[in-house]
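Trainee: I've got the model open and I'd like to work through it with you. Can we start at the ligand and then go round the chain?

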Amino acid sequence: LRPYVICHMCTTIDGKILVDRWGRLPGGKTGGALFETTAASFGIGSWLVGTHTMREFSAKLPGRLASVSRRIPHEDHLADPEARRFAIGADAKGILRFKKNEVEGDHVVLLITDRVSRDYLAHLQAARVSYLFCGKQNLDLRVALTKMGAQLKIRKLMLQGGGAFNGAVLKAGLVDEISQVIVPVVDGGSGVTSIFEIPDPSRHAAAKLRPIRQRTLPGGIHWFRYRVAATTPSRK
Ligand SMILES: NC(=O)c1ccc[n+]([C@@H]2O[C@H](COP(=O)([O-])OP(=O)(O)OC[C@H]3O[C@@H](n4cnc5c(N)ncnc54)[C@H](OP(=O)(O)O)[C@@H]3O)[C@@H](O)[C@H]2O)c1
């Protein structure tokens, strides 16, 4: 049983998501603070992000890892069986580094593939970070979500960016709901990441939505929630 997935993001009116470009917003908050308060209001303990976004919560350590000679099995590793809140990041190639195993109290879990080295597995174990094997070369997102349900007992999950990872999860048909907080800003930067980035899109829009809720926040900020009614199957 996979968790129910809510994709929650703050965007400009042109769908861009790089909050550092916005400055202070009408209403007084920064984009980062707006994201944190609106996301926290769901009361959902676990969140999932792409590799670039997870890097913001990882350690700035040298890329080169200590070499280990012992064999480490390619098996899922749960470093904190008591954990109930999870900070989950995609890291198919094993490029992120960690000194600690939590982000503001949420236990770090990485979604990895058979591509990662044993040095990397030893690094994660030493940092007491958990990991789940979810594919050979690429992450199988359906497998990843099924493992989150079965092994971490997650029933509801916040998908929180960035645009590339959101796009992959949406394209895989695994987003149930979208929560979009729109700030009164035009980014305008062509090439600036947007809420859903899907390379090689089909001739049709990626998803059709059914509006379920709408709110206005101070400063002309609009918050929309949608159920995903249908996603377009990929061409390949
Ligand atoms: N405004 C908001 O609400 C909000 C929320 C969250 C984040 N953000 C911002 O978004 C920005 C990052 O966005 P982004 O689109 O550049 O990066 P991202 O989605 O966080 O990460 C992209 C990377 O994730 C990996 N990835 C993508 N699809 C994958 C898949 N199907 N399976 C496995 N790995 C996959 C790839 O890394 P590899 O190729 O290395 O495997 C890819 O390069 C950051 O600046 C962050 O601050 C904004």
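Trainee: How far is an oxygen atom of the ligand from a polar backbone atom of phenylalanine 165?
Mentor: A polar contact here is a pair of N or O atoms within 3.5 Å; inside the protein, one must be able to donate a hydrogen and the other to accept it, and residues adjacent in sequence count only if both atoms are side-chain atoms. For phenylalanine 165, the pair joins a polar backbone atom and an oxygen atom of the ligand, and the distance is 2.9 Å.

Trainee: How much of the ligand's accessible area does the protein cover?
Mentor: Areas come from the Shrake-Rupley method with a 1.4 Å probe, and for residues only the protein chains shown count as cover. On its own the ligand has 930 Å² of accessible area, and the share covered by the protein is 79%.

Trainee: Before we go on, what should I keep in mind about the model and the numbering?
Mentor: It's a predicted model, so local features need pLDDT of at least 70 and side-chain atom pairs count only at pLDDT 80 or more, while totals for chains, interfaces and linings use all residues. Side-chain values use heavy atoms, with hydrogens and water left out, and residues are numbered from 1 along each chain as its sequence is written.

Trainee: Which elements give two or more residues to the shell around the ligand?
Mentor: Elements are DSSP runs numbered from the N terminus: helices are H or I with at least four residues, strands are E with at least two. Helix 5 gives the largest share, four residues. The full list is strand 1 (4-11), helix 2 (51-55) and helix 5 (163-171).

Trainee: Which residues come nearest to the ligand?
Mentor: A residue is near a molecule or strand if one of its heavy atoms lies within 4 Å of it. There are 23 residues around the ligand. By class, the shell has 12 nonpolar, nine polar and two charged residues, where Ala, Val, Leu, Ile, Met, Phe, Trp, Tyr, Cys and Pro count as nonpolar, Asp, Glu, Lys and Arg as charged, and the others, Gly among them, as polar. The ones that come nearest are Cys10, Ile17, Thr53, Glu56 and Gln160.

Trainee: How far is an N or O atom in the side chain of threonine 53 from an oxygen atom of the ligand?
Mentor: For comparison, a backbone N or O atom of glycine 162 lies 3.0 Å from an oxygen atom of the ligand. For the side chain of threonine 53, the distance is 2.7 Å.

Trainee: What is omega near for the peptide bond from glycine 161 to glycine 162?
Mentor: Glycine 162 sits in the loop between strand 7 (156-159) and helix 5. That peptide bond is cis, and its omega is near -10°.

Trainee: Which residues of helix 5 are buried?
Mentor: Buried means under 20% relative accessible area, exposed over 50%, and partly exposed in between, with a 1.4 Å probe and protein chains only. Just for context, helix 5 is followed by glycine 173, whose phi is positive, near 75°. Within the helix, the buried ones are Gly163, Phe165, Asn166, Gly167, Val169 and Leu170.

Trainee: Is glutamate 104 buried or exposed?
Mentor: Glutamate 104 is in the loop between strand 4 (102-103) and strand 5 (106-112). Its phi is positive, near 45°, in a residue other than glycine. With 75% relative accessibility, glutamate 104 counts as exposed.

Trainee: And lysine 153, what is its phi near?
Mentor: Lysine 153 lies in the loop between helix 4 (141-152) and strand 7. It counts as exposed because its relative accessibility is 56%. Its phi is again positive in a residue other than glycine, near 60°.

Trainee: What separates the C-alpha atoms of leucine 25 and valine 185?
Mentor: Leucine 25 belongs to the loop between strand 1 and helix 1, and at 5% relative accessibility it counts as buried. The two residues are 160 apart along the chain, yet their C-alpha separation is 8.3 Å.

Trainee: How far apart in space are glycine 31 and leucine 157, C-alpha to C-alpha?
Mentor: Glycine 31 is found in helix 1 (residues 31-40), and it counts as buried, with 2% relative accessibility. Leucine 157 is 126 residues away in sequence, and the distance in space is 21 Å.
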